Amino acid sequence: MMDALSVVSQLRDLASEPQNREVIVQDQGCLPGLVLFLDHRNPEVLLATLQTLRYLAELPPNIPTMKNELGMMVSLENLMARDGLSVDITALAQEVYDILCAPANPVSHIPERERRKKSQFFINSSNNKAKSVTLHIQGLDSTDQRGLCEDALLKVKGVISFTFQMASKRCTVRIRSDLSTESLASAIAATKVMSAQQVVKNEAGEEILIPLNTSGVKVQQNSALPDYLPEEEESPEREVDRAISRTTAKEVSSQKPSTGETGAV
């Protein structure tokens, strides 16, 4: 039996592909399972679940179904109000909640091949020697700026994944532990239209912005991005059906979290 993180990670992998999103939401077991995972004790499971929901909400017809799923909105509200969670989890829960409450929100229109490449890059985030950094990005005002920021981050060697919270002008970046936060700020500053500060919590639990020094910081770049997702002859619908069959209602529902489970996998 797969553990909770494996199940939700597989769903996130599927949801990262636009053509899979309708099938996942229509499947009888997937949405109830994701709602169940929103109450999990493992923060990695919570983050992966929210990332999955964020992908699914990019397809506007999915939004009413997701919003009306039993326990969905209540679980998101509980996450937003829950103490002790990281900034990235709380912010992403807020973003998903806002999207479900306001289905008229515009969705970023990234060219299909670029969207697929970036989505595949985004999902590869299970790395024990990694840390998450939340940035407040001044100038992150539109999908054009978001695209520039994505391109800048994709080129930085040591960046594992990233998610955006456009409403709050934030980006949560998962990076190798040996990559400095200043490198991220320097890459973003190189766009000439955006600048980044780090979001942290002080001793009182209040969020504060920390300026990042970008002068003289050398950013090590990836020499080339891999060409993700080569075209295949097989229909993507058949692949989705097979993959979803491995995450049925029984399999997802069996992962009800125990109160004693803590920490990251």
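Select Lys169 to begin: with a relative accessible area of 24%, Lys169 is partly exposed, because that value falls between the 20% limit for buried and the 50% limit for exposed. The model on the screen is a predicted one, and in it Lys169 sits in the loop between β2 (159-165) and β3 (170-176). If you display the backbone torsions here, you will find that phi of Lys169 is near 55 degrees, a positive value in a residue other than glycine. Most residues other than glycine have a negative phi.

A second loop offers another lysine to inspect. Select Lys192, in the loop between α10 (181-189) and β4 (195-201), where phi is near 75 degrees, again a positive value in a residue other than glycine. Is Lys192 buried or exposed? Lys192 has a relative accessible area of 75% and is therefore exposed.

Return now to Lys169 and select the residues around it, including His136, which touches Lys169. His136 belongs to strand β1 (residues 130-138), and at 15% relative accessibility His136 counts as buried, because the limit for that class is under 20%. Leaving out residues up to four places away in sequence, the contacts of His136 are Ser168, Lys169, Arg170, Ser195, Ala196, Gln197, Val199 and Leu209. Zoom in on Ser168 in that group, where the backbone oxygen of Ser168 lies 3.5 Å from a polar atom of the His136 side chain.

From His136, follow Ser195 and Ala196, two of the residues that His136 touches, to Ile188, which is in contact with both Ser195 and Ala196. Ile188 is found in helix α10, and a relative accessible area of 0% makes Ile188 a buried residue. Show its surroundings, without the neighbours within four places in sequence, and Leu135, Ile137, Cys149, Leu153, Met194, Ser195 and Ala196 appear as the contacts of Ile188. For one of these, Leu153, draw a line between the C-alpha atoms: Ile188 and Leu153 are 35 residues apart in sequence, and the line spans 7.4 Å.

Move next to the helices at the beginning of the chain, and select α1 (residues 4-15) together with α3 (residues 30-37). Two packed helices are described by the angle between their axes and the distance between the axes. For α1 and α3, the axes come within 11 Å and cross at roughly 130 degrees, which means that α1 is oblique to α3. The crossing of α1 and α3 is left-handed. Which residues of α1 and α3 meet? Ala4, Val7, Val8 and Leu11 come from α1, and they meet Cys30, Leu34 and Phe37 of α3. Coloured by class, this contact of α1 with α3 shows seven nonpolar residues, with no polar and no charged ones.

Then select Gln51, whose place is in helix α4 (residues 43-56). Gln51 counts as buried, because its relative accessibility is 5%. Add Arg12 to the selection, and the C-alpha atoms of Gln51 and Arg12 prove to be separated by 6.8 Å, although the two residues are 39 apart along the chain.

Finally, zoom out to the whole chain, which holds twelve helices and five strands. Of its 265 residues, 46% are buried. Among the contacts in the chain with a separation of 6 or more, residues 24 or more positions apart account for 73%.

Terms used. Residues numbered from 1 in each chain as written. Predicted model: local features only at pLDDT ≥ 70, side-chain atom pairs only at ≥ 80, totals over all residues. Heavy atoms only, no water. Helix = DSSP H or I, 4+ residues; strand = E, 2+ residues; numbered from the N terminus. Buried < 20%, exposed > 50% of the residue type's maximum accessible area, 1.4 Å probe, protein only. Polar contact = N/O pair within 3.5 Å; in protein donor to acceptor, adjacent residues only side chain to side chain. Contact = heavy atoms within 4.5 Å. Axes fitted to C-alpha atoms, helices over the stretch in contact; angles between N-to-C directions. Parallel < 35°, antiparallel > 145°, perpendicular 65-115°, else oblique. Left-handed = near helix turned anticlockwise from the far one by under 90°. Nonpolar A, V, L, I, M, F, W, Y, C, P; charged D, E, K, R; others polar.
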